[in-house]
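User: I'm new to this one and would like a close look at a single part. Could you pick one strand and walk me through what surrounds it?

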Amino acid sequence: MPFPRLRWSLLLALVCLLAPGLSPGAQPKRKRVKTPSKQLVTLPGGESLRRDAAAAFLRMSTAARAEGIRLWVNSGYRTRRQQRLLYERYRMGLGPQAARPGRSNHQRGLAVDIVVGDEDTPTYQWLAANACLHGFRRTVPSEPWHWEYRPRSTRAPAPGTDCLGQPLPSKEPEQTASSS
Ligand SMILES: [Zn+2]
């Protein structure tokens, strides 16, 4: 009888279609943020970032300090578990906004929360004017503290200007009055 045979072949075809997802070695197709534990570098203060982001941050921090600004890091790299806890706290209304686990660049070691206060503080103003020179930029409109290392997509300013388009301060030493 051809009918049962046809049913069997239909069943076989179905199994073949599903098999790649069922075979023991197959990885489920899920977008997951890789944990770069080997690539992490600890910053002064204990938070860490991915090696390239950490190096850029330290250069930025040194430049800031030369102008009297200290960049304190509140949060750098986060494990998936840490991100999940923050997200749950946010969902319960107990903490600040936090991205869903897997959606945060903190899990990639590329995002850094810097203690800036609000947008009027010298620290924030300095970052707004200088972070792009080091490959960092602000990515979340509601979070002035959250900066991400995105060197490829962060546009460098025109020569002689800062990240806000203002002329860079002259590097020449100020002339001191010698009239007395
Ligand atoms: Zn953040």
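Analyst: Let's go with strand E6, residues 146-149, in this predicted model. Its side chains alternate: His-146 and Glu-148 point one way, while Trp-147 and Tyr-149 point the other way. Whichever way they point, all four are buried.

Start with His-146. This residue is one of the protein donors of the zinc ion, offering its ND1 atom. The other protein donors are His-106, through NE2, and Asp-113, through OD, and the donors lie 2.0 to 2.1 Å from the zinc ion. Along the chain, the donor residues follow the spacing H-x6-D-x32-H. His-106 and Asp-113 are both buried too.

Now for the strands that pair with E6. One is strand E4, residues 111-114, which pairs with E6 in the antiparallel sense over three bridges. Within that pairing, Ala-111 stands opposite Glu-148. Strand E5 is another partner, again antiparallel and again over three bridges. Here Arg-137 has Glu-148 as its bridge partner in E6. So Glu-148 turns up in both pairings, opposite Ala-111 and as the partner of Arg-137.

What about the other end of the strand? Tyr-149 belongs to a cluster in which ring pairs link it with Phe-57 and Phe-136. A search of the whole structure finds four aromatic pairs. Take Phe-57 and Phe-136: their ring centres are 6.2 Å apart and their planes sit at 75°, so this pair is edge-to-face, as the angle is over 60 degrees. Phe-57 comes from helix H2 (residues 51-66) and Phe-136 from strand E5 (residues 136-138), so the pair ties together parts that are 79 residues apart in sequence. Phe-57 and Phe-136 are both buried.

For a contrast, have a look at another ring pair, Tyr-87 and Tyr-90. Their centres are 6.4 Å apart with planes at 50°, so that pair is tilted. These two tyrosines are three residues apart in helix H3 (residues 80-91), which puts about one helical turn between them. Tyr-87 is buried, with a relative accessible area of 13%, whereas Tyr-90, at 33%, counts as partly exposed.

Back on E6, then, His-146 is a donor to the zinc ion, Glu-148 stands opposite Ala-111 and is the bridge partner of Arg-137, and Tyr-149 joins the ring cluster with Phe-57 and Phe-136.

Definitions and conventions: Residues numbered from 1 in each chain as written. Predicted model: local features only at pLDDT ≥ 70, side-chain atom pairs only at ≥ 80, totals over all residues. Heavy atoms only, no water. Phe/Tyr/Trp six-rings, centres within 6.5 Å; stacked < 30°, edge-to-face > 60°. Buried < 20%, exposed > 50% of the residue type's maximum accessible area, 1.4 Å probe, protein only. Donors = N, O, S within 2.8 Å, 3.2 Å for Na, K, Ca; no water. Pairing = 2+ DSSP bridges.
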